[in-house]
Amino acid sequence: MTTAQGGTSAAVEARQLVKRYGVVTAVDGVSFQATRGEIFGFLGANGAGKTTTLRMLCGLLRPTSGMALIDGIDIQADPLAAKARLGYLDEEPFVHPHLTGREFLNFVADLYRMPRGQQREQRMARLLSLFDLAQKDGELIGGYSHGMRQKIGLASLLIREPSVLLLDEPTNGLDPRSARLVKDLLEELAARGTTVLLSTHILEVAQALCRRVAIIDRGHIVAIGTMDELRVQAGSEGANLEDLFLKLTAGPESREMIERLLES
Ligand code: ATP
């Protein structure tokens, strides 16, 4: 369905996105759509183009060509309207090292002009407690561990309840309890209508959480769909996501490479 802004009714849409850095084409014609309330997984090997695609979708990088749409809004044409709807967690979360967790949440809430008052205070307290950061109150983020920075980064998105979450490796560096918390939270948010697009190397996370996944390989989408659809595309009945991933992103067989390494 096409909207007044020329977009579609998809919550997130990549339309023929291309990003070139000189002679390197990092992303080469990537197209997909995620619908409202869907958890959509974006999978690919190191350097495949996941972060570059997410950064174009959130407006952090300008595409060489193509379009990124959030709720049907072209993020390059109307960045403020599109960005007001989304929350983006980078693989290295943008957090302020000289603020405490609470100050940072307040700073983000101010940036987005959330009204001050009891409701905001309550939401901040709940988020800090949910992510097990309440006891760190008063400590500067600069002293946080990687996992704690990841959690305060997530909390800074959730403070303002965006309808679309773009998350680059959201469980990266989290301990098993925190990773489980994030998975449960994302499922609950999606059930309430939030659209989640996440990139991950952890295939179990994708298999457990995502209704559909896209597999990107050297800048191209090589497969997209539900697990059953991917099995059909790969011609591998009964395969799990790891088998499918390895088959669809065919690289040199690691066993062969290990043997060659150990021979020399
Ligand atoms: P990883 O899983 O390792 O984070 P990725 O799938 O997120 O990888 P990208 O970071 O999107 O991959 O990188 C895709 C390609 O683009 C890589 O070949 C990378 O070297 C190249 N690239 C990314 N950023 C730049 C840049 N600023 N300048 C030049 N090349 C870049």
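Reader: Which residue in E5 is the bridge partner of Ile70?

Author: In E5 that partner is Ile73. The model is predicted, so local features need pLDDT of at least 70 and side-chain atom pairs pLDDT 80 or more, whereas totals for chains, interfaces and linings use all residues. Residues are numbered from 1 along each chain as its sequence is written, and side-chain values use heavy atoms, without hydrogens and water.

Reader: What makes strand E4 and E5 a pair?

Author: Strands (E, at least two residues) and helices (H or I, at least four) are DSSP runs numbered from the N terminus, and two strands pair if DSSP finds at least two bridges between them. Two bridges join E4 (residues 65-70) to E5, so the criterion of at least two is met. The two strands run antiparallel.

Reader: Why are strand E2 and strand E5 said to stand at the edges?

Author: The open sheet has the order E2-E1-E4-E5. Strand E2 (24-34) and strand E5 (73-74) each have a single partner strand, so one side of each lacks a neighbour in the sheet.

Reader: What makes the lining of the largest cavity five nonpolar, three polar and two charged residues?

Author: Ala, Val, Leu, Ile, Met, Phe, Trp, Tyr, Cys and Pro count as nonpolar, Asp, Glu, Lys and Arg as charged, and the others, Gly among them, as polar. The lining includes Ala206, Cys210, Val213, Met227 and Leu241, with Gln207, Gly225 and Thr226, and with Arg211 and Arg212. These residues therefore give five nonpolar, three polar and two charged. Lining residues have an atom within 4 Å of a cavity point, a point of a 1 Å grid over the protein atoms alone where a 1.4 Å probe fits but cannot get out.

Technical notes. On a 1 Å grid over the protein atoms alone, a cavity is a set of points where a 1.4 Å probe fits but cannot get out, and a pocket is an open set with protein on both sides within 12 Å along at least five of seven lines; lining residues have an atom within 4 Å of a point.
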